[in-house]
Amino acid sequence: MTDLPAFADQLVRTGLPRRLFEIARDEDLGERGDMSSLVSIASETVLMAQIGSRQAGVLAGLAFAQLLADAVAPGVVIEPVAKDGQRVSPGDVIGVVRGPVRSVLAVERPMLNLLGRLSGIATLTRQAVAQTEGTRAQVCDTRKTTPGLRVLEKYAVACGGGTSHRMGLHDAVMLKDNHLAAMRREGEPLASAIERAANDARTRFADVLQFVQIECDTLEQFSEVLKVRAGLVDMVLLDNMDCDTLRQAVAMRGDRAIGLEASGGITINTLAEVARTGIDRVSLGQLTTQATGLDFGLDHTATIPARAPEPPLNQWADALEAELGVGWKVAVVAQTASTQDAARKMASADHRLLVIAGEQTAGRGRLGRAWRDSRGCSLAMSIALAANGDTDDLLGIVGGLALCAAAHRLVPGYDESAWASVALRWPNDAVHVASGRKLGGVLVESANGVAVVGLGLNVGQLATLGDWPKAIAGRATSLAELGSTATRLDAATAVLDELARLLELPREELLKLARQANAMRGKRHAFTHNGKRHEGVVGVIDHDGAIELMLDDGRGLHLPAATTSLVHEG
């Protein structure tokens with residue numbers, strides 16, 4: 001079976017799905033946008049809706065739904081409930097959509113079209129695969145795909161249990177009848193011409209060549225292929241041969257290491273008999289040319305007026321002091337360049353300190369990154385804590401966990417007991433799992449013998465209102481975009497409560513939670529450490545809070561948080 005997440009990631013990296021989705025955006029929204037929504041819906045209203053299946057079938061395309069949303073209407077978050085390749089029934093919820101209503105409605109039709117088309121292909125492929133049960137034959141797709149949709153349609157075939165053939169003319173050599181007729185020199189035996197071309201292919205395209213395949217219309221041609229030096233031809237395509245002829249070809253092959261693929265005129269109705277001949281693969285253009293789309297719908301569940309009115313800043317201190325209790329000093333400022341700098345100046349071992357700002361104009365994150373909020377939509381606060389000894393080196397992770405846990409409390413429908421919706425992007429970011437967008441981050445420094453923990457959380461930003469700076473648009477999200485009506489004071493209270501709870505836990509329990517909440521485990525990421533780039537598959541968080549990275553050459557690295565930075569692609 002195909003590793004579907006890895007296959008989807010490979011296709012996304014080509015850039016082709018994104019280009020396709022941008023075309024889908026342009027053909028639907030044009031230059032004016034959705035005129036119906038513009039005249040009927042308030043820009044700040046946030047919608048929560050469910051993607052539901054109306055028919056039974058096999059799901060495909062959900063892996064690309066967020067990429068589609070990012071291209072069509074940034075600010076929409078799609079959270080999968082089901083997985084591609086899974087069977088669905090009428091009434092099944094396969095995903096949840098959250099975001100500004102105008103943006104959700106702009107995404108709705110392209111998204112449903114995508115899911116319907118690809119799931120129809122996956123469903124038909126699953127029916128075809130069932131016909132080959134008990135045989136060695138794999139069901140393969142062809143290049144008979146909708147122009148522009150090939151990578152997605154081939155992914156859909158894989159979701160149905162089929163095998164992806166060559167992606168295009170650029171990744172494999174397949175010599176068909178016209179090639180064979182044109183390349184033979186006068187008097188040259190067919191076997192010699194094939195061997196010459198196969199040698200050239202393996203030399204010229206050694207790094208990228210998937211396979212060399214020869215098309216044969218007759219057993220006489222096939223017998224010529226069998227004369228070619230072993231190892232040069234990987235497969236033979238037996239075109240338009242009846243089952244008796246296919247069985248003869250299987251017998252002629254014997255124990256040679258060469259694959260046999262049947263193609264031409266084969267349908268799902270005749271597939272079972274073809275598969276029983278002993279061939280290895282059957283390719284069907286029907287999978288992508290005759291599939292009927294599955295029906296999906298978007299069902300509205302809740303409409304939330306975003307940016308609930310906040311209490312005035314002069315009331316924040318009393319509320320926060322009541323939350324924190326005795327022994328805390330709380331400083332609420334209307335505007336500051338950086339709460340972190342303010343806390344560093346005010347920090348003292350004599351008391352615990354909280355500095356929180358209505359607006360932060362020059363904040364910073366880890367390794368010199370900026371964290372600014374010119375619209376007053378983010379929670380920006382810093383806490384000065386006395387040294388704890390055993391867990392001081394984990395404060396970044398602890399802060400990230402507190403942000404994640406607070407988000408689960410504040411967003412309707414999120415399970416507080418799990419890390420399924422918001423999780424930790426090592427070492428100290430809170431990210432929305434489905435979209436990979438950043439929700440908040442942590443910066444830990446020291447001053448006057450105490451640790452200063454800066455916490456930032458996106459609370460009220462909405463893409464439809466232009467709240468995101470261009471540099472991070474599409475890479476960040478907010479509680480409001482996820483459907484929460486929490487104010488920044490609500491968010492501060494929740495984060496402080498979760499932080500106090502976590503700081504009471506022993507080191508091993510904190511690390512256990514960090515490993516459970518690790519959104520990066522098993523995924524491919526690139527990091528820079530001491531000026532050098534490392535790329536591989538992320539493993540667990542170790543006892544020192546470092547991340548394990550398995551490189552492509554099999555070596556493992558332990559990357560410490562203090563000197564390691566995640567590489568953000570794109």
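Lys and Arg are counted here as positive and Asp and Glu as negative, with His and the chain ends left out. On this count the chain carries 59 positive and 68 negative side chains, and the centres of the two sets are 4 Å apart. The structure is a predicted model. Its chain contains 17 helices and 24 strands, and its C-alpha atoms occupy a box of roughly 95 × 55 × 40 Å along the principal axes. Of the 570 residues, 54% are buried. The exposed area of the chain is about 25,200 Å², of which carbon and sulfur atoms supply 49%. Among contacts with a separation of 6 or more, 68% link residues 24 or more positions apart.

One open sheet has seven strands in the order E13-E14-E15-E19-E18-E17-E16, and its pairing is mixed. Strand E13 (328–336) and strand E16 (422–425) are the edge strands, each pairing on one side only. On average, neighbouring strands of this sheet are turned by 20 degrees against each other, direction ignored. Within the sheet, strand E14 (residues 352–360) and strand E15 (residues 378–386) pair in the antiparallel sense over five bridges, and Leu354 stands opposite Ile383 in E15. Helix H16 (residues 488–503) packs on the sheet, where it touches E14, E15 and strand E19 (450–458). The direction of helix H16 makes about 30 degrees with that of E15.

Two further sites involve elements numbered in this part of the chain. Gln340 belongs to helix H14 (residues 339–346). Gln340 has 4% relative accessibility and therefore counts as buried, the cut-off for burial being under 20% relative accessible area. Apart from neighbours within four places in sequence, Gln340 contacts Arg364, Ser382, Leu443, Val444, Glu445, Val452, Val453 and Gly454. The second site is Pro427, in the loop between E16 and strand E17 (429–432). The peptide bond leading from Trp426 to Pro427 is cis, with omega near 0 degrees. Most peptide bonds are trans.

A second open sheet consists of five strands in the order E23-E22-E21-E20-E24, with antiparallel pairing. Strand E23 (556–559) and strand E24 (564–566) are at the edges with a single partner strand each, so one side of each has no neighbour in the sheet. Neighbouring strands of this sheet are turned by 45 degrees against each other on average, direction ignored. Strand E20 (residues 524–529) pairs with strand E21 (residues 532–541) in the antiparallel sense over six bridges. In E21, Val537 is the bridge partner of Arg524, and Gly536 is that of His525. E20 also pairs with E24, again in the antiparallel sense, over three bridges; here Phe527 has Leu566 in E24 as its bridge partner.

The hairpin of E20 and E21 has two residues between the strands, and Asn530 in this hairpin takes a positive phi near 55 degrees. Asn530 is located in the loop between E20 and E21. Its relative accessibility is 62%, so Asn530 counts as exposed. A positive phi near 55 degrees is also found at Asn240, which lies in the loop between strand E9 (235–239) and helix H10 (243–253). Asn240 is exposed because its relative accessible area is 55%, the cut-off for exposure being over 50%. Most residues other than glycine have a negative phi.

A buried position was also examined in strand E5 (residues 93–100), which contains Ile94. With a relative accessibility of 0%, Ile94 counts as buried. The C-alpha atoms of Ile94 and Val81 are separated by 4.8 Å, although the two residues are 13 residues apart along the chain. Leaving aside neighbours within four places in sequence, the contacts of Ile94 are Ile51, Leu59, Leu62, Pro80, Val81, Ala82, Val88, Leu115 and Phe296.

Methods. Residues are numbered from 1 along each chain as its sequence is written. This is a predicted model: local features need pLDDT of at least 70, side-chain atom pairs count only at pLDDT 80 or more; totals for chains, interfaces and linings use all residues. Side-chain values use heavy atoms; hydrogens and water are left out. Helices (H or I, at least four residues) and strands (E, at least two) are DSSP runs, numbered from the N terminus. Buried means under 20% relative accessible area, exposed over 50%, partly exposed in between (1.4 Å probe, protein chains only). Contact means heavy atoms within 4.5 Å. Two strands pair if DSSP finds at least two bridges between them. Axes are lines fitted to C-alpha atoms, for helices over the stretch in contact, and angles run from 0 to 180 degrees between N-to-C directions. Accessible areas come from the Shrake-Rupley method with a 1.4 Å probe; for residues, only the protein chains shown count as cover. The place of a charge is taken as NZ of Lys, CZ of Arg, CG of Asp or CD of Glu.
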